[in-house]
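Open the model in your viewer and keep the selection panel at hand. The stops below say what to select next and what is there.

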Amino acid sequence: MLERRKFVIGGIALFVVLCYVIRLSYLQLAPNDYRKIAESNAIYNKIIYPSRGAIYDRKGRLLVFNQPAYDIMVITREAKDFDTLDLCETLHMTRQEFEQRLEDIKDLSKNPGYSSYTQQLFQAQISAADFSIFQEKMFRFNGFYVRERTGRQYKYPCAAHILGDVAEVSPTDIEQDDYYMAGDFIGKQGVERSYEKVLRGEKGVEVLLRDSRGKIQGHFQNGELDRKPKPGKDIFLSIDIELQMLGERLMQGKKGSIVAIEPSTGEVLCLVSSPTYNPRDLIGKNRGKKIMDMVNNPSRPMLNRAISGAYPPGSTFKPSQALTFLQEGIVSANGTYYPCNGGFRYKNSKLGCHAHTSPISLIPALATSCNGYFCWGLLNMFGNRSKYPTVQDAMTTWKDYMVSMGFGYKLGIDMPGEVRGMIPNADYYDEHLRRWNALTVISISIGQGEVTLTPLQIANQGATIANRGHYITPHVVKGIKGGAIADSLHKVHHTKVNPKYYDYIVSGMRSAVLTGTCKGAQNPWYEVCGKTGTAQNRGHDHSAFMGFAPKNNPQIAIAVYVENGGYGNAFGVPIGALMMEQYIRGELSPDSKVRASGIQHRSVN
């Protein structure tokens, strides 16, 4: 009996010891709340934020830089026994706003990862004046601290859609990248977003010891665990800020876009979207209100029309049709084609045109923007049963040419928000139309119907023609200090058309400037090639222009698109001409400055 009792007592003792060992091991090793609480009472990890990379234009002019910024942080467990009214007055907020902010901080659905032992963002980006007042009083407000970091500032009040902005991370941002925690800031739009990981740098940390009252006693282990922040890399845009500013001035009072590209590199020289806004408006604690005001604005100033606006290209689309017909042997370069008697007339189909000689060959058809020529071309292509057994086969061939020219899919510009536009295919028409043929879809030959392109794609077409058959992926970042841009941004894309046919298109676009619809783009210093577009719309027609210069050594390709601007030569041509002159010559002549002032003050109703 005694022997058995000894084993029982020994077993109980061993069990108790084993429980203690397991429990102590759990407390020491497992990632649980007890361990976090114990560590957070003694150790404070102070995050040191890196300076964000600066942004420059293609000529090295500073566009975006850093300035001191201050956030008010709170440790909710410590926030007690202070004068709430005094704090509210100091931070210019009501008692209700104060209580609501604390509720939001503690709400895990709004603030994932909340802990009452760690600093939480209470108020972001207070002014330097408010910071000075708060710092003097901070000892009165238990649990409230100041976090010093850098905020963004913009040297020029333009290029907002390109540059983007920086704001507090959302719960989704935190879920997608564990680099971020509540209260951090992230690029939200433009290159601030697409180059976030380049610009942000790497956080540092100071591991500090504190006593039972929370006062800092020094660095833990003499700073051996501290880590210095790594600053973000500077980036150099391909944008010419002077060209960008001119474009934004010319587009005042208008809706639309201007996109200019350097054909030999794919570098975007300007990316104007109108209406726009001042990037400085999105700095500070009023950012949310400013954004809501713009979201509710029917003119949609936050929409980047250059890459997110899809429009019917109108006659700027005709060069792509001419190239397809030449390559497929539907037309010859010098032969006259079917007559245009005031437009295209066939059976019950009618599409109007303007006065010009008839019949007409390819180069004057481009110069005069003859609708009949291109409609007959599509009709003969889609009706050629010896080459295309069905209309679906012809449509697929046509679509493949368009895609090779950079239409119908995203071009891959290094900015968020690009849309693909619309190039219809046979499946689309099979699904949406019971029966269809060339006459059903004839308007696609002149850039109408279901066809839509972005201004970026229209400008890229100009660059492709300037290069005689290839383009480089358009991009807005020219270089990264201490790094390199992605290889995909240097990729050369060749179309399905033999380069020899592009010489005819260049001649046609040159004739359009000399004697045709683009005469307003003529310039005494260099040869301009252009193509107008008047895109039909439910309201007033859209005014478009696509061109490049100089003819034999292209430095700039450009697209101008003015919503409801009327004929292509009303706004598209004169704006495009001024933009090319500014970039190629570095300045506008006195006469051009007068014309620019007149356009700037002309609004589109």
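Two strands count as paired if DSSP finds at least two bridges between them. Keep that cut-off in mind at the first stop, and note that this is a predicted model.

**Stop 1: a hairpin**

Select residues 55-56, which form strand β2, and then residues 62-74, strand β3. β2 and β3 pair in the antiparallel sense over two bridges, so the pair meets the requirement of at least two. Which residue of β3 is the bridge partner of I55? Select V64 to see that partner. Five residues lie between the strands of this hairpin. Among the residues of the hairpin, pick G60, whose phi is positive, near 85°.

**Stop 2: the other partners of β3**

Keep β3 selected and add residues 144-154, strand β5. β3 and β5 run antiparallel and are joined by eleven bridges. To look at one place along this pair, select I72 and V146 of β5, which stand opposite each other.

Now add residues 120-126, strand β4. β4 is also antiparallel to β3, with four bridges joining them. Here M73 is opposite L121 of β4.

**Stop 3: helix α5**

Select residues 128-137, helix α5, and show the side chains of D130, F131 and F134, which are buried. Where do these buried residues fall when you look down the axis of α5? They fall within an arc of 100°, so they line one face of the helix. In general, an α-helix has 3.6 residues a turn, so residues three or four places apart point the same way.

Next, show what this buried set packs against: β3, β4 and β5 from the previous stop, together with helix α3, residues 84-90.

**Stop 4: a five-stranded sheet**

Move to the open sheet of five strands, whose order is β12-β11-β20-β19-β18, with antiparallel pairing. Its edge strands are β12 (267-274) and β18 (529-535), each pairing on one side only. On average, neighbouring strands of the sheet are turned by 5° against each other, direction ignored.

At the β18 edge, select β19, residues 542-549; seven bridges join this strand to β18, and the two run antiparallel. T532 stands opposite F545 of β19.

**Stop 5: helices across the sheet**

Which strands does helix α10 lie across? Select residues 241-250 for α10, then β11 (256-262), β12 and β20 (556-562), the strands it crosses. The helix runs at about 25° to β12.

Finish with helix α20, residues 572-585, which lies across β11, β12, β18, β19 and β20. Its direction is at about 150° to β20.

Conventions
Residues are numbered from 1 along each chain as its sequence is written. This is a predicted model: local features need pLDDT of at least 70, side-chain atom pairs count only at pLDDT 80 or more; totals for chains, interfaces and linings use all residues. Side-chain values use heavy atoms; hydrogens and water are left out. Buried means under 20% relative accessible area, exposed over 50%, partly exposed in between (1.4 Å probe, protein chains only). The arc is that of the directions from the helix axis to the C-beta atoms. Contact means heavy atoms within 4.5 Å. Axes are lines fitted to C-alpha atoms, for helices over the stretch in contact, and angles run from 0 to 180 degrees between N-to-C directions.
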